[in-house]
Amino acid sequence: APQPHPGPVGAGPGCRGHGIGAVAGGVVLLSAARSTRSRPLRSCLRAEKSPEIKGPKVKPPPKVEPPWEASQELGVTAPVGFFDPIGLAPKDKETFCEYRACELKHGRVAMMASIGAVGQHFLRFPGFEKTQWGEEMPSGVMAAFNNPGSFGLVLLSLLAGLLEFTVWSEDYATKEPGNFGDPLGLKQYTEDMRNQELNNGRFAMVAILGIVAAELVTGKDAVQQLGF
């Protein structure tokens with residue numbers, strides 16, 4: 001009886017498993033060979049990288065500050081805004097600081113003067129109740145033309161000048177105009193309070209001018225002008 005042909009080598013089930021293993025091993029060897037070939041190439045590429053050339057550091061351009069404008073300073077508030085109808089506002093900051101210091105000074109004096117013009121109708125300092133002729137000391141601006149009222153005015157002016165040239169001297173390089181510190185520790189030196197001070201000072205300057213003008217015309221002090 002004829003014998004069955006065993007077939008080609010590796011045709012059996014066991015041989016098929018060995019063939020698949022051989023193919024897989026060949027793929028692994030091929031990939032390993034490629035990886036070993038690529039490593040020196042990468043290292044060569046790293047070695048051939050050109051070194052960084054360090055030159056002198058380039059300084060950034062200086063910041064250009066916008067031009068100074070008086071309309072951007074404090075005191076420009078609604079509803080009037082920047083009010084300079086006849087162009088008196090200075091064009092440089094140094095002159096503006098001098099003007100602002102004068103404005104604050106006059107405003108503060110005017111606020112005290114307005115309160116004093118009303119208060120002296122009711123109050124008298126000791127020694128200032130009567131004139132040197134024994135008459136009752138007049139109220140208002142006329143008190144400055146009668147002794148000892150005129151003596152008090154001179155003394156007050158000398159004291160104010162001494163404080164201005166010593167304790168309250170201006171230094172625009174380190175402080176804002178009119179900034180003499182916070183001796184009472186009120187902590188109210190804010191933008192809002194500074195704007196209020198400027199506006200109240202401007203109002204007081206107009207008020208004291210009106211009080212003095214009305215007194216010179218009518219002879220009545222600030223309270224009497226209100227009909228009291």
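**Exercise 1. State how many salt bridges the structure holds, and work out which residues are joined into one network by bridges that share partners.**

Step 1. The structure holds four salt bridges, a salt bridge being a side-chain nitrogen of Lys or Arg within 4 Å of a carboxyl oxygen of Asp or Glu. This is a predicted model, in which local features need pLDDT of at least 70 and side-chain atom pairs count only at pLDDT 80 or more, while totals for chains, interfaces and linings use all residues. Residues are numbered from 1 along each chain as its sequence is written, and side-chain values use heavy atoms, with hydrogens and water left out.

Step 2. Begin with Glu 103, whose side chain meets that of Arg 100 in a salt bridge at 3.0 Å, N to O. Because Glu 103 and Arg 100 are three residues apart in helix H2, about one helical turn separates them; helices here are DSSP runs of H or I with at least four residues, numbered from the N terminus.

Step 3. Glu 103 also meets the side chain of Arg 202 in a salt bridge, at 2.6 Å, N to O. Since Arg 202 lies in helix H4 (residues 191-218) and Glu 103 in helix H2, this pair ties together parts that are 99 residues apart in sequence.

Step 4. Compare the covering of these residues, where buried means under 20% relative accessible area, exposed over 50%, and partly exposed in between (1.4 Å probe, protein chains only). Arg 100 is buried at 10%, whereas Glu 103, at 22%, counts as partly exposed, as does Arg 202 at 28%.

**Exercise 2. Determine which parts of the structure are tied together by the pair Glu 164 and Lys 105.**

Step 1. Glu 164 forms a salt bridge with Lys 105, and the closest N and O atoms are 2.3 Å apart.

Step 2. Glu 164 belongs to helix H3 and Lys 105 to helix H2, so the pair ties together parts that are 59 residues apart in sequence.

Step 3. Both ends are partly exposed, Glu 164 with a relative accessible area of 32% and Lys 105 with one of 31%.

Step 4. To complete the first exercise, the bridges that share partners join Arg 100, Glu 103 and Arg 202 into one network.

**Exercise 3. Locate Met 142 and decide whether it counts as buried, partly exposed or exposed.**

Step 1. Met 142 is placed in the loop between helix H2 (93-119) and helix H3 (149-165).

Step 2. Its relative accessibility is 37%, so Met 142 counts as partly exposed.

Definitions and conventions:
Helices (H or I, at least four residues) and strands (E, at least two) are DSSP runs, numbered from the N terminus.
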